[in-house]
Amino acid sequence: MAELDHPGHMPEGLDEHVWQRLVQARRLKVESEQKVKTKALILADMNAFLQRRFVEDESLRAEIERLFKELQNLRDEKMKFTMDLEVQLLLKQGQVEVPPDSFITDYSDSTLVHRSVIEDLNATIRSLGDAKINIMVESKDFRKGIHALEWEHKKMKMQIEDLEARARDIQLLRVTKDLQQYLGEVDQQAIQQKEVATLEQTLQLYQKTHARNVEDRHRVIRDLKKAIRKKEIENERLDIDLEEMAITVAERKNVSNPDAENQAEANSERRLKNIVARRRLVDLAKAQAQEVAILRAEVERLRMRTFPALVQVDQ
């Protein structure tokens with residue numbers, strides 16, 4: 001530096017005091033650079049020392065943790081040897097939930113739980129079950145309400161359709177003279193009373209006519225019953241006569257008579273006539289019985305028409 005500071009190295013035309021200031025500034029710069037280099041070396045040494053201390057600290061920490069773990073393991077083993085003893089317990093069968101083995105059940109992984117814990121767990125399960133049931137009931141009621149609203153909606157739609165159909169019927173209704181006359185009347189109640197009185201008179205007339213017809217039918221039925229009884233008596237008498245004739249014919253066959261063959265033919269012919277007459281009487285009795293059944297049905301029909309329905313009149 002002294003050689004560089006010699007005035008011989010001063011540029012030409014430069015003042016002396018300027019050269020001195022330049023030299024002084026250069027010396028300060030060089031000294032600062034030297035100090036910076038020195039401080040950098042010191043800082044590097046300090047960083048290396050700090051790094052070595054960090055490594056030592058980490059190793060010491062790991063060693064401390066390892067020692068703490070070993071200490072905790074020793075404490076656990078001590079506690080296990082002190083507290084974990086084999087104790088024989090007598091429990092009910094329902095309180096043991098370990099699945100039994102075929103020979104000896106292994107209880108090494110089993111846990112002895114206090115009864116209060118199980119009861120608390122059961123209470124929790126029951127409370128959750130009750131809550132779920134309440135939620136399901138609320139859901140059911142909600143769905144029921146939805147179904148009720150849907151039914152009410154459908155009912156209202158059908159009522160709307162019915163009202164629209166009635167409105168169309170009213171719009172398409174042909175106003176006849178009778179309807180105009182009915183609508184033009186002021187005292188509708190008097191007209192209805194008059195119609196009711198007329199209907200009552202008509203009903204009374206129908207009842208009297210029906211009673212007279214029923215009486216006539218009953219009289220006809222009584223006459224027919226008498227005629228049927230008379231025919232039945234005649235049929236019984238003819239049956240008796242037929243049996244007597246058969247006996248007489250048999251007796252005459254046993255008797256020798258030159259005219260036996262002619263008489264037998266005559267008796268046979270008379271017997272056939274009697275049989276044909278009896279057959280005709282039986283057919284007549286059946287026909288009369290059918291007629292009586294028809295008359296009874298007619299009487300029943302007239303009896304059913306005694307009180308006529310007034311639905312159309314009300315409309």
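Let's start at one residue: Leu179 sits in helix H3, which covers residues 177-184. This is a predicted model, so the values that follow are all computed from predicted coordinates. Is Leu179 buried, partly exposed or exposed? With a relative accessible area of 24%, Leu179 counts as partly exposed, because the buried class holds only values under 20%. Once its neighbours within four places in sequence are set aside, Leu179 touches Leu173 and Arg174.

**The overall fold**

Stepping back from Leu179, the protein contains six helices and zero strands. Read from the N terminus, the order of elements is α-α-α-α-α-α. Of the 315 residues in the protein, 6% are buried. The exposed surface comes to about 28800 Å², and carbon and sulfur atoms supply 57% of that area. Among contacts with a separation of 6 or more, 55% join residues 24 or more positions apart.

**Empty space: pocket and cavity**

Rolling a probe the size of a water molecule over the atoms shows where empty space is left. Here is how the linings divide by residue class.

| Site | Volume | Nonpolar lining residues | Polar lining residues | Charged lining residues |
|---|---|---|---|---|
| Largest pocket | about 1100 Å³ | 12 residues | seven residues | four residues |
| Largest cavity | about 40 Å³ | four residues | one residue | one residue |

The largest pocket, then, has a volume of about 1100 Å³. Which residues lie closest to its centre? Out of 23 lining residues, they are Leu89, Leu91, Ser110, Thr111 and Leu112. Two domains share in the lining of this pocket: domain 1 (2-86) and domain 2 (114-173) each give at least three residues.

Turning to enclosed space, a search of the whole structure turns up one cavity of 30 Å³ or more. The largest cavity holds about 40 Å³ of space. Its lining is made of Leu238, Leu242, Asn274, Ile275, Ala277 and Arg278. Helix H4 (188-254) and helix H5 (260-304) are the elements that give two or more residues to this lining. Which of them supplies the largest share? That is H5, with four residues.

**Pulling it together**

For a quick recap, the protein has six helices and zero strands, with a largest pocket whose lining draws on domain 1 and domain 2. The largest cavity, in turn, has a lining to which helices H4 and H5 each give two or more residues. As for our starting point, Leu179 is a partly exposed residue in helix H3.

Conventions. Residues numbered from 1 in each chain as written. Predicted model: local features only at pLDDT ≥ 70, side-chain atom pairs only at ≥ 80, totals over all residues. Heavy atoms only, no water. 1 Å grid on protein atoms, 1.4 Å probe; cavity = no way out; pocket = protein on both sides within 12 Å on 5 of 7 lines; lining within 4 Å. Points joined across faces, edges and corners; volume = space filled by probe spheres on them. Nonpolar A, V, L, I, M, F, W, Y, C, P; charged D, E, K, R; others polar. Domains from an automatic or database assignment. Buried < 20%, exposed > 50% of the residue type's maximum accessible area, 1.4 Å probe, protein only. Contact = heavy atoms within 4.5 Å. Areas by Shrake-Rupley, 256 points an atom, 1.4 Å probe, with all protein chains shown as cover.
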